[in-house]
Amino acid sequence: MTNHDAITDVTGLRVGHARVEGPGALSGTTVVLAPEGGAVAAVDVRGGGPGTRETDALDPRNLVQKIEAVVLTGGSAYGLDSAGGVMAWLEEHGRGVRVGPEPTHVVPVVPAACVFDLGRGGDFSARPDASTGRAAIEAAAATELHARVATGAVGAGTGAVVGGIKGGVGTASTVLESGITVGALVVVNAVGSAVDPESGVLYGELFQGRRPDRPEPAVHEAALRRLAEARERNNPPILNTTLAVVATDADLSRAQAQKLAGTAHDGIARAVRPVHLLTDGDTVFALATGDRPLPPEAGPLALNELLATGADLVTRAITRAVREVAEGVAGPGGDFPAHRELYGLAGTVDSPSNKGS
């Protein structure tokens, strides 16, 4: 199996992005599509201003056992309409909770969460709708298994901003010694910063196995001046949010998946400071496809390695999201430079090698 250091390294998962078209638009939708038959799913919401849909269905005490897709979207609460387009596509393909005698009698349960990017392109009304969600799931379904995932300012990360710097979509994965694959995909759009203001180092790189190189002091000082100038021109953002999907091919119960979603928030806290504020809607979904059992010799503690790994991958995915935005945005909706415009590639920490392929 080719390993792309992406959530799609978890067999059966596909990712698709779609962007809102038109002048003044800077938003989009990302869909993580589960294998046919669905995946065990859970969610953990920590931010004080979340925008979500169908998250209650993922409570382990409730009826739904598996879901077919997760939607991450821009457009704040308006953008949750994109889940309707995903539902329509799933219904057409007979994928969802069977509720009647015919195979077509299904109700797709499509959990969704949104980030705030309204007006980032200048047009407050340019936001995802059902057609955007449909385009994203069609894009996901059209990919091959284990396909590369586009990152940076794509999909739900099109209009994302983190601490005044252009945010976006990032992904990462690893294979554990047990053969279990774990992957993560994030949309970074936080009120907090991903960059240590004292050193210019990305917070997330402090947790990636070696000391990152610091930018030259002159480069860092110039970056701080550029950011200060941009913030003076911008209206302060009202709401933000970091979203993540952590996935594995392990056979997890719904309660175990919920624990995985909860501990993955630690990965956000390592890479963005501060987090989980009243103006954030930080939300993490967990997906488990059930292809591999947890190592039986470790008993219930076998889950611990997945919990630690999920958080690590969220941290690395956030770092990649910030680094892989090619260019910033400067227009009627605000001035948000890209990290690489401020720092180049200084301080880059290579992704650690995966243990399997």
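**Cores, salt bridges and backbone features of the predicted model**

Of the 45 residues in the largest nonpolar core, those that touch the most other members are V186, V246, L252, L306, V314 and I318. The elements that contribute two or more residues to this core are β3 (40–45), β12 (181–189), α3, β13 (241–250), α4, β14, α5 (303–323) and α6 (339–343). Helix α5 gives the most, with nine residues. Such a grouping fits a general pattern: in soluble globular proteins, nonpolar side chains tend to be buried together. The coordinates come from a predicted model, and everything described here should be read in that light.

V186 offers a convenient place to start looking at this core. With neighbours within four places in sequence left aside, V186 is in contact with G168, V169 and G170, with L243 and A244, and with V314, A317, I318 and A321. Two of the residues named above as touching the most other core members, V314 and I318, are thus among the contacts of V186. A second, separate core holds 29 residues, among them A39, V149, L243 and A247. L243, a member of this second core, is also one of the contacts of V186.

The overall fold can now be placed around these cores. The chain has six helices and 16 strands. Its radius of gyration is 19 Å, close to the 21 Å that the globule rule gives for 357 residues, so the chain is as compact as a globular protein of that length. The C-alpha trace spans about 65 × 50 × 35 Å along its principal axes. Buried residues account for 57% of the 357 residues. Among contacts between residues at least 6 apart in sequence, 78% join residues at least 24 apart. The chain exposes about 14300 Å², and carbon and sulfur atoms supply 51% of that area.

Charged side chains add a further set of links, with 13 salt bridges in the structure. One of them pairs R134 with E92, at 2.6 Å from N to O. This pair links distant parts of the chain, as R134 belongs to helix α2 (residues 130–141) and E92 to helix α1 (residues 82–92), 42 residues apart. R134 is partly exposed, at 25% relative accessibility, whereas E92 is exposed, at 53%.

Another salt bridge joins the side chains of D335 and R233, with an N to O distance of 2.4 Å. D335 lies in strand β16 (residues 334–336) and R233 in helix α3 (residues 217–233), so this pair ties together parts that are 102 residues apart in sequence. The two partners have contrasting surroundings: D335 is buried, at 6% relative accessibility, while R233 is exposed, at 53%.

A third salt bridge brings together R320 and E324, 3.1 Å apart from N to O. R320 is buried, with a relative accessible area of 18%, and E324 is partly exposed, at 28%. The pair is part of a network in which salt bridges that share partners join D5, R316, R320 and E324.

D5, a member of that network, also stands out in its backbone. Although D5 is not a glycine, its phi is positive, at about 55 degrees. D5 sits in the segment before β1 (14–19) and is buried, with a relative accessible area of 11%.

Two other backbone features fall in the loop between α4 and β14. P274 is found in this loop, between α4 (254–271) and β14 (283–292), and the peptide bond that joins R273 and P274 is cis, with omega of about -10 degrees. H276 is found in the loop as well. The phi of H276 is near 60 degrees, a positive value in a residue other than glycine. H276 is partly exposed, at 25% relative accessibility.

Finally, a word on confidence. The pLDDT averages 92 over the chain, and 94% of the residues score at least 70. Over residues 347–357, however, the pLDDT is below 50; this stretch has 27 contacts in the model beyond near neighbours in sequence. Where pLDDT is low, the predicted coordinates should not be read in detail.

Technical notes
Residues numbered from 1 in each chain as written. Predicted model: local features only at pLDDT ≥ 70, side-chain atom pairs only at ≥ 80, totals over all residues. Heavy atoms only, no water. Salt bridge = Lys/Arg side-chain N within 4 Å of Asp/Glu carboxyl O. Helix = DSSP H or I, 4+ residues; strand = E, 2+ residues; numbered from the N terminus. Buried < 20%, exposed > 50% of the residue type's maximum accessible area, 1.4 Å probe, protein only. pLDDT = per-residue confidence, 0-100. Contact = heavy atoms within 4.5 Å. Rg over C-alpha atoms; globule rule 2.2 N^0.38 Å. Areas by Shrake-Rupley, 256 points an atom, 1.4 Å probe, with all protein chains shown as cover. Core = buried A, V, L, I, M, F, W, Y, C linked by side-chain atoms within 4.5 Å.
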